[in-house]
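Good morning, everyone, and thank you for making time. I would like to walk slowly through one structure with you, so please bring it up on your screens and follow along as I speak.

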Amino acid sequence: EKSHRGPDIPYTCAHLRANDRDLFLVATVHISPRAPKDVENVIHSIKPTIAMIELDEERLDRMRQVTRESSAPAPPDATLQPVAFKAMADGNVEVEINSFAQRAIWNSEAAGAHLCGQVVFRPEDEYGLEADGHSTNSKDFLALARRGSGNGEFAPFAVKAHNAANSGASALLVVNSEDKLPMGRIGAATLWSELRIAFTTRRCSLPSLPVLLLNQQHGEQLIQLCQSGRSVTAEFTVKPDPYPRRSLPKRLCQGCALILSGIGVLYGVIQCFAVEVGGEFLAAEAVARELGIRCVCIDVDLNRFWSRLGWALLPTPCNLLVSCLSWAAFPRVFFQFLFPPFGSIDTVGTTILHGASFSVKTWAAFILAGLCASFITNGLLRLLGSGMEAGAEEAGVIGHEDRDEVQAYIILAVEMYMLPQIYLAVAASRDEAMYQSMVRKSKEFAAESLVVVVGAGHANGILQRVRQSGL
């Protein structure tokens, strides 16, 4: 429990021992300046076998892109795609190049496919921006192009991939502008960039061929071999990849849901004030890297999140029953929230400590974001209530004089149904998913001690599962 490790860990951290493993769970508030400091102190003090954070790989990659750390490490070879090249050099001596390349987010669409063919580079289209530009006598060939563009044209990986697919290539090899490969997958783009890609390529789907980003040294060597007239062949088997991927229509649907739910408005307003969100996760990764400790993600990806939320809000008989039972259990849950048992996180106290570290700007951003988000959600509820009331009034079920009262009851009924379902989808189900991920990765990496960084709302749900089922 927390008792004998009290001097080593802050108040926002709980210690639990299960299955001969020490768990140190740090409860955070994602916009708190205190959160990164608590995480750094715990990891430095404990020096665990492994660190785990409440993110998935996609969200972690986005946060890395925002920070743009120049000191970001090179990705481990285990996460990259191995690829072998062969070419005839001077004197009919065969040259072999064994390289590791970063993968595009959509490569797993072709997982298991064995690709082998001639590498084709066109100097007149060295950046791969011309559709139907490659011509070769080889039936199966892999297009080779440089990263970026020569004159500032819009040149994301997806556009190059669509162009290569139009020309008949089976894969696209891109030469990076530096030797160090990016830490995360390539091909991820903002929603606005994806709309531009769709307008440029006239396609809303993901590219149909794998894309590999080669380091500059190997890429330039391949370009020189191709330009010298030698036949260069490449061979690799596409690795499976659990990295989440979404087509443009799905991203648009999820983006609309994010705005209408108020979550997007909440974080959007906060970021307009330049308040750092989730700094504790990057701090955990940075300290773990400094100490040579593995840092892994344990949260569900956004596809699973929105799928769970959608099914939870569907008013099935089962969901209606769950909502009723949840309200029956509310007094007990609320009492435990105010007076947590020994060894649990004091959620109220933790939130107060984090709130005390807020600057005036952070408080202003938080309050304004909350008001804007509540305005959106209240407007949607009123729209739903007025629509249902109008239908009942036209059917003659209610009178015009009872309109306001009926609308209020409809909104109340919707809220009483939705609030437990949202809690189950957003908090409880993710608690279970993160716990299961903790167990798997603790066994996979033979962890003797682990530091887990999660939001305060998830802390006690995870601790309860550890006490009940162990690690």
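Let me begin with a definition, since the next few points rest on it: a residue is called buried when its relative accessible area is under 20%, exposed when that area is over 50%, and partly exposed in between. Please also keep in mind throughout that what you are looking at is a predicted model.

With those cut-offs in hand, take the pair Arg-122 and Glu-124, which form a salt bridge whose closest N and O atoms are 2.9 Å apart. Are these two partners buried or exposed? Glu-124 has a relative accessibility of 54%, and because that is over 50% it counts as exposed, whereas Arg-122, at 14%, falls under 20% and therefore counts as buried.

Now to salt bridges more broadly. As a general point, side chains of opposite charge can pair when their charged atoms come close. How many salt bridges does a search of the whole structure find? The search finds 23 of them, and I will pick out a few.

One of them joins Arg-246 to Glu-58, with the closest N and O atoms 2.5 Å apart. This pair links distant parts of the chain, since Arg-246 sits in the loop between strand S10 (232-237) and helix H6 (248-260) while Glu-58 belongs to helix H2, and the two are 188 residues apart. Arg-246 has a relative accessible area of 7%, so it is buried, and Glu-58, with a relative accessible area of 8%, is buried as well.

Another salt bridge is the one in which the side chains of Arg-185 and Asp-241 meet, at 2.8 Å from N to O. Here too the pair links distant parts of the chain, with Arg-185 in the loop between strand S8 (171-175) and helix H4 (191-201), Asp-241 in the loop between S10 and H6, and their positions 56 residues apart in the sequence. Arg-185 and Asp-241 are both buried. There is also a network, in which salt bridges that share partners join Glu-54, Asp-56, Arg-59, Asp-299 and Arg-430.

Let me turn to the empty spaces, starting with the cavities. The structure holds three cavities of 30 Å³ or more, and the largest of them contains about 150 Å³ of space. Its lining is made of 16 residues, and those nearest its centre are Ala-158, Glu-194, Ile-197, Ser-205 and Leu-206. Helix H3 (157-166) and H4 each supply at least two residues of that lining, and H4, with three residues, provides the largest share. By type, the lining of the largest cavity divides into nine nonpolar, four polar and three charged residues.

The second largest cavity has a volume of about 130 Å³, and it brings us back to a pair we have already met, for Glu-58 and Arg-246 are among the residues that line it, along with others including Arg-62, Tyr-243 and Arg-251. Which helix gives the most to this lining? That is H2, with three residues. The lining of the second largest cavity divides into five nonpolar residues, one polar and six charged.

I will say a little about a pocket too, namely the second largest one, in which about 1,200 Å³ of space lies. It is lined by 38 residues, and the closest to its centre are Glu-57, Cys-295, Val-296, Cys-297 and Lys-441. The elements that give two or more residues to this lining are helix H2 (57-67), helix H8 (279-291), strand S11 (294-297) and helix H14 (403-444). Sorted by type, the lining of this pocket comprises 18 nonpolar, three polar and 17 charged residues.

Finally, let us look at two histidines. His-30 is found in the loop between strand S2 (21-28) and helix H1 (34-46), and its side chain makes a polar contact of 2.7 Å with the side chain of Glu-280. Leaving aside neighbours within four places in sequence, His-30 is also in contact with residues including Glu-54, Tyr-267 and Gly-455, and you may recall Glu-54 from the salt-bridge network.

His-354, for its part, lies in helix H12 (residues 347-356). What does the side chain of His-354 reach? It reaches the backbone oxygen of Ala-27, at 3.2 Å. The relative accessible area of His-354 is 0%, so this residue is buried, and beyond its neighbours within four places in sequence its contacts include Thr-12, Ser-32, Arg-34 and Asp-38.

Terms used
Residues numbered from 1 in each chain as written. Predicted model: local features only at pLDDT ≥ 70, side-chain atom pairs only at ≥ 80, totals over all residues. Heavy atoms only, no water. Helix = DSSP H or I, 4+ residues; strand = E, 2+ residues; numbered from the N terminus. Contact = heavy atoms within 4.5 Å. Polar contact = N/O pair within 3.5 Å; in protein donor to acceptor, adjacent residues only side chain to side chain. Buried < 20%, exposed > 50% of the residue type's maximum accessible area, 1.4 Å probe, protein only. 1 Å grid on protein atoms, 1.4 Å probe; cavity = no way out; pocket = protein on both sides within 12 Å on 5 of 7 lines; lining within 4 Å. Points joined across faces, edges and corners; volume = space filled by probe spheres on them. Nonpolar A, V, L, I, M, F, W, Y, C, P; charged D, E, K, R; others polar. Salt bridge = Lys/Arg side-chain N within 4 Å of Asp/Glu carboxyl O.
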